[in-house]
Amino acid sequence: MNKAVKRGREFLHTPGPTNMPDRILRAMDRPALDHRSPGFREVAQECFERLRDVFKTERPVIIYPSAGHGAWEASLVNTCSRGDTVLMPETGAFSNMWRNMAEALGLKVEYLPGDWRHGADPEAISERLAADQGHVIKAVAVVHNETSTGVTSRLEEIGNAIKQTNHPALFLVDTISSLASIDFRMDAWNVDVAIGGSQKGLMLPPGMSFNAISEKAWHTSEKNSMQRRYWDWKMFMPDGKNPGFLSTPPIQMFFGLQEALIMLDEEGLHNVFLRHQRIATAVRSAIAHWGKPGTLELLSLDPREHSNSISAILFNKPCDVDEFRSVCREKHSVALAAGLERLAKQVFRIGHLGDLNEPMILGTLAGVEMTLKKQQISYEPGGVESAISSLI
Ligand code: PLP
């Protein structure tokens, strides 16, 4: 047999990009068309409207043809001016990247230290804001679900804490790996700018990103002196109410987005969250079982913060994690994600968000368990059985 030939589908478990359902692929499979035609405008309009439901907001949502990084930058350049101070809790590699971006844009970042095993601390944020009598801090920027660690910050508590201090800082939230997979409520949790991306819970290709904008954030942007053009909210939404396009939109992706939003609506967002919770619980059950000899464990330490969209697994003993992932992918057709930055040599990640069901995750866990065995890592056999029990 030619070893290079692989049959069946590879199980994709990067926490973005995620699996794209056939329905979405088919919706996008269409020829070029005039984006100024009434037919396309209708599709786009439906997307703008339905997206509000996913963000749980009455406010408009701008769509950028860009990666999540673009929406990150847009959130900062529209709300902050050069020299402004932003309070950011350190949660992991993605809070680091957002921080670096803010500093590159000329902002001062007050980085609240974190250990990469816990989420942002609502009390620490509240204390810092309460101490800022001069209102130097212009924004608090939090990554809701830290994709590098599998830790979900308690956003509702953070939103309440900010509100109780009566501090005027805007609340910016990265929902890139939580949107449409973990509960997020923009309006109810007092979020001013919510940042999203297409390639995760929305089950789309990468390349589309979002800013949902509160009234307070919009008014701030109108007065804000930061130089900007492409990312300027006004370029995409001159009247502050009705989002549109600045440039040629990613037409086929709009058809994909329309289908994704219909699919989420059919299942019901609440059920989408429950499905993610169920699958994540099965994954955590397997990890806890495998880890009984003490060789590996879930990176996230606080059960209130375990992520339902991605789990990071920490090896407590030396292990060649790159080799582990390579064997899992090449021999068992399961693509796991690497540890990022300081976790690179100790962690692998299982993304479990988007278009996923129980047999798919059990197949993945079986691939991981086979790899544990093949690599002769000390583990307790039976993690897959434990996951099955948690699902029944
Ligand atoms: N924020 C989070 C939480 C992410 O997981 C990612 C990507 O994985 C990003 C931001 C950056 O998104 P992108 O790679 O689309 O620029």
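A residue counts as near the ligand if one of its heavy atoms lies within 4 Å of it. With that in hand, here are some close-up views of this predicted model.

**View A. The residues around the ligand.** The shell is made up of Ala67, Gly68, His69, Trp72, Phe94, Val143, Asn145, Thr147, Asp174, Ile176, Gln199 and Lys200. Sorted by class, these are 5 nonpolar, 5 polar and 2 charged residues. If you are looking for the element that gives the most to this shell, go to helix α3 (residues 68-79), which supplies 3 residues.

**View B. Polar contacts to the ligand.** Which atoms of the ligand meet glycine 68, aspartate 174 and glutamine 199? At glycine 68, a backbone N or O atom sits 2.8 Å from an oxygen atom of the ligand. The side chain of aspartate 174 places an N or O atom 2.6 Å from a nitrogen atom of the ligand. For glutamine 199, the partner is an oxygen atom of the ligand, 2.8 Å from an N or O atom in the side chain. On its own the ligand has 390 Å² of accessible area, and the protein covers 87% of that.

**View C. A cis peptide bond before proline 17.** Most peptide bonds are trans. Here, the bond from glycine 16 to proline 17 is cis, and its omega is near 0 degrees. To find the spot, follow the loop between β1 (11-12) and α1 (22-28), where proline 17 is located.

**View D. Two residues with positive phi.** Most residues other than glycine have a negative phi. Asparagine 166, which is not a glycine, has a positive phi of about 60 degrees; look for this asparagine in the loop between α6 (155-165) and β8 (170-174). Methionine 203 also has a positive phi, near 65 degrees, and belongs to the loop between β9 (193-197) and β10 (209-213). Is each of these residues buried or exposed? Asparagine 166 is exposed, with a relative accessible area of 65%, whereas methionine 203 is buried, at 5%.

**View E. An open antiparallel sheet.** The sheet has 4 strands in the order β11-β12-β15-β14, with antiparallel pairing. Why do β11 (296-298) and β14 (337-338) each have one side without a neighbour in the sheet? Both stand at the edges with a single partner strand each, so one side of each is left free of a neighbour there. Strands β12 (residues 310-315) and β15 (residues 347-351) pair over 5 bridges. As a landmark, take serine 311, whose bridge partner in β15 is isoleucine 350.

How values were computed: Residues numbered from 1 in each chain as written. Predicted model: local features only at pLDDT ≥ 70, side-chain atom pairs only at ≥ 80, totals over all residues. Heavy atoms only, no water. Buried < 20%, exposed > 50% of the residue type's maximum accessible area, 1.4 Å probe, protein only. Polar contact = N/O pair within 3.5 Å; in protein donor to acceptor, adjacent residues only side chain to side chain. Areas by Shrake-Rupley, 256 points an atom, 1.4 Å probe, with all protein chains shown as cover. Nonpolar A, V, L, I, M, F, W, Y, C, P; charged D, E, K, R; others polar. Pairing = 2+ DSSP bridges.
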